[in-house]
Amino acid sequence: MKAMILAAGLGKRMRPLTDHCPKPLLPVAGKPLIVHHLERLREANIHEVVINVSYRADQIIDALGDGDAYGLRIHWSRETAPLETGGGIQQALPLLGESPFLLVNGDVWCAALPAQHALHGDDLAHLVLVENPSHHLNGDFGLAEGRINLTSTERLTYAGIGVIHPALLAGQPQGAFALAPLLRAAIDNHRVSGECYTGPWVDVGTPERLAALENQLQGKRG
């Protein structure tokens, strides 16, 4: 299985840290945030990774190169302007191929990427959910018997990690578009499975959360 890391965002919520450094390269526990993902992917025996880049793309590409230093092969998908999640994936599909792939948001930190989940039947996606963090108490999706739903009163938060079938994006026009509406439509059609990950996970969306993660990881190292 290949993986795709979403790393094309502008990092507006992380300013001023991202004024001169793209969010994927912000350091945490002595290494760029995105390098934690690369190490987790290697541990999960994934060796081909597609990374989409736009804001300060050259900085990211220069820092990571072809992935050889991390035991991976990196393929780059450049976006002249950010294409949102759906458009970014669509542009990268020629690099990803026709098989399901692991999708990882570049701005989350996870202690271990959940094992790649094989899609069953005509499923279009498998989403990893986590307990709701304090900044997102209402959650995103319901989970019952391994299936994602939009009807449960108790909801969990999408972890920014999932397995996507390229067919989820079939028929979409070129250009920028969001992935969420496509996922909701697939959920309505009962074509999305899911799981709840209970290990350490952080949505590194603000300077404060980045600092808290740094303190947490430095404390463990100490």
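**Fold, strand pairing and selected residues of the predicted chain**

H190 is located in the loop that runs between helix 4 (180–188) and strand 12 (192–196). The structure described here is a predicted model. Although H190 is not a glycine, its phi is positive, at about 60 degrees. The relative accessibility of H190 is 63%, and because the threshold for exposure is over 50%, the residue counts as exposed.

A positive phi is also found for E84, again a residue other than glycine, with a value near 65 degrees. E84 belongs to helix 3, which spans residues 84–96. The relative accessibility of E84 is 46%, so the residue is classed as partly exposed.

At the level of the whole chain, the secondary structure consists of five helices and 13 strands. The radius of gyration is 17 Å; a compact globule of 222 residues would have a value near 17 Å, so the chain agrees with that expectation. Along the principal axes, the C-alpha atoms occupy a box of roughly 45 × 35 × 30 Å. Of the 222 residues, 51% are buried. The exposed area of the chain is about 10,400 Å², and 50% of this area is supplied by carbon and sulfur atoms. Contacts were also considered by sequence separation: of those between residues at least 6 apart in sequence, 74% join residues at least 24 apart. The chain carries 18 positive and 23 negative charges, and the mean positions of the two sets lie 4 Å apart.

Strand 1 comprises residues 3–6 and is covered on both faces. In a regular strand, side chains alternate between the two faces of the sheet. On one side of strand 1 the buried residues are A3 and I5, and on the other side they are M4 and L6. Strand 1 takes part in parallel pairing with strand 4 (residues 48–53), over four bridges. Within this pairing, I5 has I51 of strand 4 as its bridge partner. Strand 1 also pairs with strand 6 (residues 101–105), likewise in the parallel sense and over four bridges. In strand 6, the residue opposite A3 is L102. The buried residues A3 and I5, which share one side of strand 1, thus appear in the pairings with strand 6 and strand 4, respectively.

Two further residues belong to the C-terminal part of the numbering. V202 is a residue of strand 13. With a relative accessibility of 15%, V202 falls under the 20% limit and therefore counts as buried. Leaving aside residues up to four places away in sequence, V202 is in contact with D107, V108, W109, L213 and Q216. The separation between V202 and D107 is 95 residues in sequence, while their C-alpha atoms are 8.8 Å apart in space.

T206 lies in the loop that connects strand 13 (201–203) with helix 5 (207–221). The relative accessible area of T206 is 17%, so this loop residue is buried. When residues up to four places away in sequence are left out, T206 touches R13 and M14. The two loop residues considered here therefore differ in burial: T206 is buried at 17%, whereas H190 is exposed at 63%.

Note on methods. Residues numbered from 1 in each chain as written. Predicted model: local features only at pLDDT ≥ 70, side-chain atom pairs only at ≥ 80, totals over all residues. Heavy atoms only, no water. Helix = DSSP H or I, 4+ residues; strand = E, 2+ residues; numbered from the N terminus. Rg over C-alpha atoms; globule rule 2.2 N^0.38 Å. Buried < 20%, exposed > 50% of the residue type's maximum accessible area, 1.4 Å probe, protein only. Contact = heavy atoms within 4.5 Å. Areas by Shrake-Rupley, 256 points an atom, 1.4 Å probe, with all protein chains shown as cover. Lys, Arg positive; Asp, Glu negative; His and termini not counted. Charge placed at Lys NZ, Arg CZ, Asp CG, Glu CD. Pairing = 2+ DSSP bridges.
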